[in-house]
Amino acid sequence: MEKHRYIDIHCHALYGVDDGSADLEESLAMLRMAAGEGIGKIILTPHQKPDRRCVSMEGLQERIKTLQEAAEGEKIPIKLYPGGELFYRAGLGEELEAGMLPTLAGSGYVLVEFYPQEQYPYIRDGLYRLLAAGYSPVLAHVERYGEVCRKKGRLEELLDMGCYCQVNTSSLTGEQGFGMKQLSWRLVKEGLVHFVATDAHRAKGGRSPQISKCAAMLEKRCGSDAAARLLYENARKVLEDEEI
Ligand SMILES: [Fe+2]
């Protein structure tokens, strides 16, 4: 099997653009660790929040180019792609349409987040608007939204609409607490999850780009086919802008 097969679709390893990596050194340390974990491709997804200064589309491309060249200089075998973690607000579809915000690797898929305590109708309507604008929303760390996950049928409704969802590796390995671990595994086992990603912010500790332990757990508990879908096959379809 390919050594660097995992594809991380949610990662804050781009330096100096959000609460993730602080500088080029930390970004390189994160990439080195990611490569050691078996990750070969990363979509960099800095936060894009309306109330904060966020990286521009040009800045994103420039920094990714710098980081990619630095990684190649150090022989770190990781290919980087542009993306963003878009905080939902009214008009998000129009901003995307105007080319002001990044989709995932230039595809029709967009990584979207909400306040963790956000009400369900607001989340559903927001995702519906993105779908109506022609995008395929991927709900970031779905396990954080109690209003979506803790009432039967809600997540199913979002998936029926055409949404996708992502769970964090650290939730599945238990680093976010027992309740989060239980919930995340239930979602995975019920087949309600499309992507498992690191959401890494640091080169060290619980928010670093760890995936191998989670991958071993997925293979053991769900089988290698399901694990492959969650860890790289669906993500490959995002990179190639194919339907999942
Ligand atoms: Fe994130």
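**Strands, sheets and helix contacts in the predicted model**

In strand β8, Tyr164, Gln166 and Asn168 point one way while Cys165 and Val167 point the other way, and all of these residues are buried. The structure described here is a predicted model, and β8 offers a starting point from which its sheets and helices can be followed. The strand is mostly covered, since 5 of its 5 residues count as buried.

Strand β8 belongs to an open sheet of 6 strands, arranged in the order β3-β5-β6-β7-β8-β9 with parallel pairing. The edges of this sheet are formed by β3 (residues 47-48) and β9, each of which pairs on one side only. Strands of a sheet pair through backbone hydrogen bonds, in either a parallel or an antiparallel arrangement. On one side of β8 lies β7 (residues 136-139), which pairs with β8 in the parallel sense over 2 bridges, and here Leu139 has Cys165 of β8 as its bridge partner. With β9, strand β8 (residues 164-168) is joined by 3 bridges, and these two strands also run parallel. Within this pairing, Gln166 stands opposite Phe195 of β9, and Asn168 stands opposite Ala197 of β9. Gln166 and Asn168, which face these partners in β9, are among the residues that point to one side of β8 together with Tyr164.

A second open sheet is made of 3 strands in the order β1-β2-β4, again with parallel pairing. In this sheet β1 and β4 (residues 79-82) stand at the edges with a single partner strand each, so that one side of each strand is left without a neighbour in the sheet. Neighbouring strands of this sheet are turned against each other by 20° on average, when direction is ignored. Strand β2 (residues 39-44) is joined to β4 by 4 bridges, the two strands running parallel, and Ile42 stands opposite Leu80 of β4. Helix α2 (residues 57-73) packs on this sheet, where it touches both β2 and β4, and the direction of α2 makes about 175° with that of β4. The loop between α2 and β4 holds Lys75, a residue other than glycine whose phi is nevertheless positive, near 55°. Lys75 counts as exposed because it has 8 C-beta neighbours inside 10 Å.

A comparable backbone feature is found at Ala105, which has a positive phi of about 55° although it is not a glycine. Ala105 lies in the loop between α3 (residues 92-97) and β6 (residues 109-113). Unlike an exposed position, that of Ala105 is buried, with 20 other C-beta atoms within 10 Å.

Two pairs of helices can be described through their contacts. The axes of α4 (residues 120-132) and α6 (residues 154-161) come within 10 Å and cross at roughly 10°, and the two helices are therefore roughly parallel to each other. In this contact, Tyr120, Arg124, Leu127, Tyr128 and Leu131 of α4 meet Arg154, Glu157, Leu158 and Met161 of α6. By class, the contact of α4 with α6 has 6 nonpolar and 3 charged residues, and no polar ones.

The second pair consists of α9 and α10, which pack at an angle of about 140° with their axes 7 Å apart; α9 and α10 are therefore oblique to each other. From α9, the residues Ala215, Leu218, Glu219 and Cys222 meet Ser224, Ala226, Ala227, Leu230 and Leu231 of α10. The residues of this contact divide into 7 nonpolar, 1 polar and 1 charged.

Helix α9 (residues 212-222) can also be described by its buried and exposed residues. Cys214, Ala215 and Leu218 of α9 are buried, and they lie on the same side of the helix because they cover an arc of only 100° around its axis. The face of α9 turned away from this buried side carries the exposed residues Ala216 and Lys220. The elements that cover the buried residues of α9 include β1 (residues 6-11), α7 (residues 169-172), β9 (residues 195-197) and α10 (residues 224-239). Among these covering elements, β9 is an edge strand of the sheet of 6 strands, whereas β1 stands at an edge of the sheet of 3 strands. Just after α9, Gly223 takes a positive phi of about 95°.

Note on methods. Residues are numbered from 1 along each chain as its sequence is written. This is a predicted model: local features need pLDDT of at least 70, side-chain atom pairs count only at pLDDT 80 or more; totals for chains, interfaces and linings use all residues. A residue is buried if 20 or more other C-beta atoms lie within 10 Å of its own, exposed if 12 or fewer, and partly exposed in between; C-beta atoms are placed from the backbone. The arc is that of the directions from the helix axis to the C-beta atoms. Two residues are in contact if their C-beta atoms, placed from the backbone, lie within 7 Å. Two strands pair if DSSP finds at least two bridges between them. Axes are lines fitted to C-alpha atoms, for helices over the stretch in contact, and angles run from 0 to 180 degrees between N-to-C directions. Angles under 35 degrees count as roughly parallel, over 145 as roughly antiparallel, 65 to 115 as roughly perpendicular and the rest as oblique. Ala, Val, Leu, Ile, Met, Phe, Trp, Tyr, Cys and Pro count as nonpolar, Asp, Glu, Lys and Arg as charged, and the others, Gly among them, as polar.
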